[in-house]
Amino acid sequence: MNVKHPELDNPVWYSLQETHQAFCTEHAGMKFYLPEMAPFGAFSDVETTFEGTASYAHLCHDFYVVGERPDVGNGLILKKELVCDQMILENPCEILFSEEIVLLDRNRRRDLAALVNRVQPGYFKDETAVLGNYYGIYVNGILVAVTGERMQMNAYKEISAVVTHPDYTGKGYAGQLVAFVANAIIAENKMPFLHVAASNSRAIQLYEKLGFVKRRSMSFWNLSLT
């Protein structure tokens, strides 16, 4: 356990215990997001995970347990372990904002879901956008880049869905969006954090350039019904 910011050692658990308590469904001592929100769960006692994962699988057939390795319940298989760097930011980003960044309100939710699911299929559910604020950049009426907030605790907010349309990469959109969202979180006296695949060196370099530092590795265990 990392002594500093201990809640971040179990971010799903504390999000569902604190700010996102209304989006929590509990199964045999485990906490999960409602399946229409996000396919994530967590535990504080590994002995609860065999029964808890089997129970939640009746609601969500393919999901992730975030943190330590769970015991896999009846009828489930462990498909993969996604190892991520958990990164935090302590100071506002100093960056030139050259693009108009807009709040993706309910009228723009269809654009948001379409872009995220094009680039990162499976993570963005029907009600994921309810979890926090999402922002985007439009070019000629087309949404080309987005970033938003997912897990939330009393003192922390996760930056998520850092997505750019494949035809519009390399233009600095992702960096501006991440910086914009991070600075907004810091202005609320909260700490921004994010999770990025440890193999995604290009994204990690971008986040480091913005001032993020790695706090620890975090595993996302993908479970699915057989």
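1. Overall dimensions. In this predicted model, the radius of gyration of the protein is 17 Å. A compact globule of 226 residues would have a value near 17 Å, so the protein agrees with that expectation. Along the principal axes, the C-alpha atoms occupy a box of roughly 50 × 40 × 30 Å.

2. Secondary structure and contacts. The protein contains 5 helices and 11 strands. Of the contacts with a separation of 6 or more, 69% join residues that are 24 or more positions apart.

3. Burial and surface. Of the 226 residues, 53% are buried. The exposed area of the protein is about 10800 Å², and 46% of this area is supplied by carbon and sulfur atoms.

4. Charge. There are 20 positive and 26 negative side chains in the protein. The centres of these two sets are 5 Å apart.

5. Position of Gln 86. Gln 86 belongs to strand β5, which covers residues 76-88. Its relative accessibility is 0%, and Gln 86 therefore counts as buried, the cut-off for that class being under 20%.

6. Surroundings of Gln 86. Leaving aside residues up to four places away in sequence, Gln 86 touches Leu 8 and Pro 11. Its contacts also include Phe 193, Leu 194 and His 195, as well as Val 213, Lys 214, Arg 215, Arg 216 and Met 218.

Definitions and conventions: Residues numbered from 1 in each chain as written. Predicted model: local features only at pLDDT ≥ 70, side-chain atom pairs only at ≥ 80, totals over all residues. Heavy atoms only, no water. Helix = DSSP H or I, 4+ residues; strand = E, 2+ residues; numbered from the N terminus. Rg over C-alpha atoms; globule rule 2.2 N^0.38 Å. Buried < 20%, exposed > 50% of the residue type's maximum accessible area, 1.4 Å probe, protein only. Contact = heavy atoms within 4.5 Å. Areas by Shrake-Rupley, 256 points an atom, 1.4 Å probe, with all protein chains shown as cover. Lys, Arg positive; Asp, Glu negative; His and termini not counted. Charge placed at Lys NZ, Arg CZ, Asp CG, Glu CD.
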